[in-house]
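Student: Could you zoom in on one helix pair here and take me through how the two pack? I'd like the geometry and the residues involved, all in one go.

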Amino acid sequence: MTSVTYENVVKKFGEMTAVDNINFHVDDKEFLVLVGPSGCGKTTALRLLAGLEEISSGEIKIGDRVVNDVAPKDRDIAMVFQSYALYPHLSVYDNMAFGLKLRKVNKDEIKRRVTEAADVLGITDLLQRKPRQLSGGQRQRVAVGRAIVREPKVFLFDEPLSNLDAKLRVQMRAEISKLHQRLQTTFIYVTHDQTEAMTMATRIAVINKGKLQQIDTPQNLYDHPGNLFVAGFIGSPAMNFFPGKLRKDGDKIVVDTGDFVVPIPAAKAAPYKPHTDKDIIFGIRPENIHDADFVPPNIDAEKVAVKVDVTELMGNEIFLYLVSGKNTFVARVDPRSKLRVGQQAQVMFDMDNFHIFDASTEEAIR
Amino acid sequence: MNRITHILRDQKLGSALGMLVLVVLWSMPTLGLLITSLRPSSVAEISPWWEALFNPLSTVWTLDAYQNSLDSGMLASLINTIAVTVPATILPLMIAANAAYAFTFLNFKGKEFFFAMLVALMVIPLQSSLIPVLRGMVAFQKAFHIPLTGTYASAWVVHSAFAMPLAIYIFRNYMMTLPKELIEAARVDGASNYQIFWQLILPMSVPALASFAIFQFLWVWNDYLIAFVFVGEQKAVMTYRLLRLLGQYGQGWRDVAAGSFISLIIPLLVFFGLQRYFVRGLLAGSVKG
């Protein structure tokens with residue numbers, strides 16, 4: 001049973017606070033992805049767990065053991081670095097065996113584990129090579145292999161795919177997911193790439209400016225972002241935001257952006273009643289804005305008048321860059337859409353899927 | 001004609017020609033030394049050495065000078081020089097590598113200050129501290145009854161000490177270029193500082209260690225001053241012996257030429273043995289790209 005717990009963890013570098021009071025709990029066998037923009041403190045958070053940085057205050061536990069003062073080698077973790085960090089003068093075999101030799105594992109056992117890991121990763125015929133004779137993808141596999149043979153309780157990954165080209169990245173993504181299923185161990189993975197986070201994680205922790213923004217399953221994070229940052233960070237193209245006000249209009253509550261007004265469906269209106277006449281930010285994802293000619297059935301759609309600014313045909317869909325008064329936003333519409341650049345048109349907002357944030361706290365209202 | 005200018009314009013050929021000129025220029029004195037050492041004194045004293053070079057067949061060649069210098073104890077001095085030089089190269093190398101590791105990868109109080117002090121020590125000239133060091137050594141051997149002056153060990157200690165600032169400086173600068181992640185990876189893998197030093201840093205620092213070793217070796221090999229002051233006559237090193245060979249009036253200059261040539265052989269072997277480390281890019285491929 002290897003869980004990982006962060007309790008009020010703070011890391012300061014001089015005056016700068018890199019990790020600001022982070023709390024979360026990772027269950028055994030979970031695949032947690034720490035995601036956020038560069039410089040947000042996610043890598044520092046991981047390095048604290050690895051023991052490569054000292055915690056300024058708070059506690060990190062692996063299982064039930066507080067590891068604040070435990071040396072990296074005694075934490076029973078293995079880490080895969082962004083730059084692979086292979087030992088240049090050792091062969092692939094020796095790179096993978098290095099940690100085991102230090103731990104005085106007997107030779108046959110080392111051989112068994114290395115061959116097995118090499119087999120899993122498909123690098124058996126590279127074992128006698130030096131790192132400089134390997135391609136980026138192969139080096140990455142060796143780095144992962146070096147972690148696997150240690151049979152640690154927790155695997156740590158620090159942006160392991162960011163030096164690979166796009167195609168290889170997709171492939172390695174799937175392989176790491178498979179590895180997680182196979183090994184049944186706790187994985188903690190740092191990335192700035194939200195696609196990696198969404199595709200691999202059992203849960204995602206979004207971090208910004210050293211603070212934990214939200215931690216949840218990928219689907220919940222996407223469907224119910226807790227604040228403006230998470231809403232904007234997860235999803236591509238990003239969610240559209242419209243500053244505006246909540247207003248009472250008869251017995252309805254409406255969102256008034258100054259350029260257009262959309263009513264909130266009665267069934268969803270209850271949480272917003274206390275917020276009428278307050279400044280809010282209205283958010284809607286590009287796929288929830290439809291061409292008026294191709295509205296899916298059974299949705300609660302509201303008309304908004306727009307001008308088409310740019311169209312991008314992606315084949316299976318079209319991205320429309322739309323202008324409504326002072327707002328520009330993106331819609332992801334049916335590829336049969338006939339809307340053309342410069343055209344005045346009406347698009348339909350799917351009012352079953354929208355988000356409203358308090359303009360001052362940026363927290364979601366729900 | 002056209003073709004010649006074309007070839008001359010070719011940069012590779014240009015630099016090769018430049019190299020050739022330099023090589024000839026630089027090896028001329030050595031060649032002169034070799035030929036002089038092989039000519040009988042009666043001829044060498046009345047005609048320049050290049051005459052022998054241009055008429056190799058009509059010249060009389062002799063190994064007299066080699067015989068003389070060997071008879072005067074050159075071989076024993078060669079052993080003495082080796083006994084001084086090898087430890088005086090390895091000792092500072094190992095100590096400085098350890099120190100540089102600490103200055104690069106460990107955090108301790110006053111790290112920057114101590115490093116700055118060490119670098120500052122480089123400005124102290126050897127000559128000005130020679131006698132104070134000798135007096136200190138004499139006081140030490142009186143106090144602890146350990147003989148030092150006149151032994152090889154005294155030269156090891158002094159050479160190591162004077163080499164230390166530059167060696168630490170060079171090694172630290174080199175180790176700073178090693179990717180920090182490698183050390184972190186090793187730490188997570190379970191290596192202690194000692195293991196990281198021996199199994200990772202030392203093998204990866206071979207280019208820096210080798211180039212320092214070459215310089216230190218040549219410096220100690222050619223040193224006269226420290227050997228003269230600390231080791232002295234009992235275990236005369238080659239530089240000391242060469243001066244003796246020259247004689248009061250400089251009459252033994254052909255013997256010196258022969259002795260110099262004997263003393264040249266081992267440094268040449270060392271250089272050719274280690275020179276590949278200058279060009280080896282040991283790190284290629286360890287980190288990204």
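Tutor: Sure, let's start with who touches whom. On the α14(B) side, the residues in contact are B:Met238, B:Arg241, B:Leu242, B:Leu245 and B:Leu246, and across from them α15(B) offers B:Trp253, B:Asp255, B:Val256, B:Gly259, B:Ser260 and B:Ser263. Sort that contact by class and you get six nonpolar, three polar and two charged residues. Keep in mind that this is a predicted model.

Now the geometry. Two packed helices are described by the angle between their axes and the distance between the axes. Here α14 of chain B covers residues 238–246 and α15 of chain B covers residues 253–274; their axes come within 8 Å and cross at roughly 165°. Angles over 145 degrees count as roughly antiparallel, so α14(B) is roughly antiparallel to α15(B). As for handedness, α14(B) passes α15(B) in a right-handed crossing.

While we're on chain B, have a look at where it touches the other chain. That contact takes 21 residues from chain B and 24 residues from chain A. Two elements of chain B give two or more residues each to this side, α10 (180–189) and α11 (193–204), and α10(B) gives the most, with seven residues. By class, chain B's side of the contact has twelve nonpolar, four polar and five charged residues. So much for the chain contact; back at the helix pair, the thing to picture is α14(B) and α15(B) crossing at roughly 165°, in a right-handed crossing.

Note on methods:
Residues are numbered from 1 along each chain as its sequence is written. Chains are lettered from A and ligands numbered from 1 in the order in which they are written. This is a predicted model: local features need pLDDT of at least 70, side-chain atom pairs count only at pLDDT 80 or more; totals for chains, interfaces and linings use all residues. Axes are lines fitted to C-alpha atoms, for helices over the stretch in contact, and angles run from 0 to 180 degrees between N-to-C directions. Helices (H or I, at least four residues) and strands (E, at least two) are DSSP runs, numbered from the N terminus. Angles under 35 degrees count as roughly parallel, over 145 as roughly antiparallel, 65 to 115 as roughly perpendicular and the rest as oblique. A crossing is left-handed if the near helix is turned anticlockwise from the far one by less than a right angle, and right-handed if clockwise. Two residues are in contact if their C-beta atoms, placed from the backbone, lie within 7 Å. Ala, Val, Leu, Ile, Met, Phe, Trp, Tyr, Cys and Pro count as nonpolar, Asp, Glu, Lys and Arg as charged, and the others, Gly among them, as polar.
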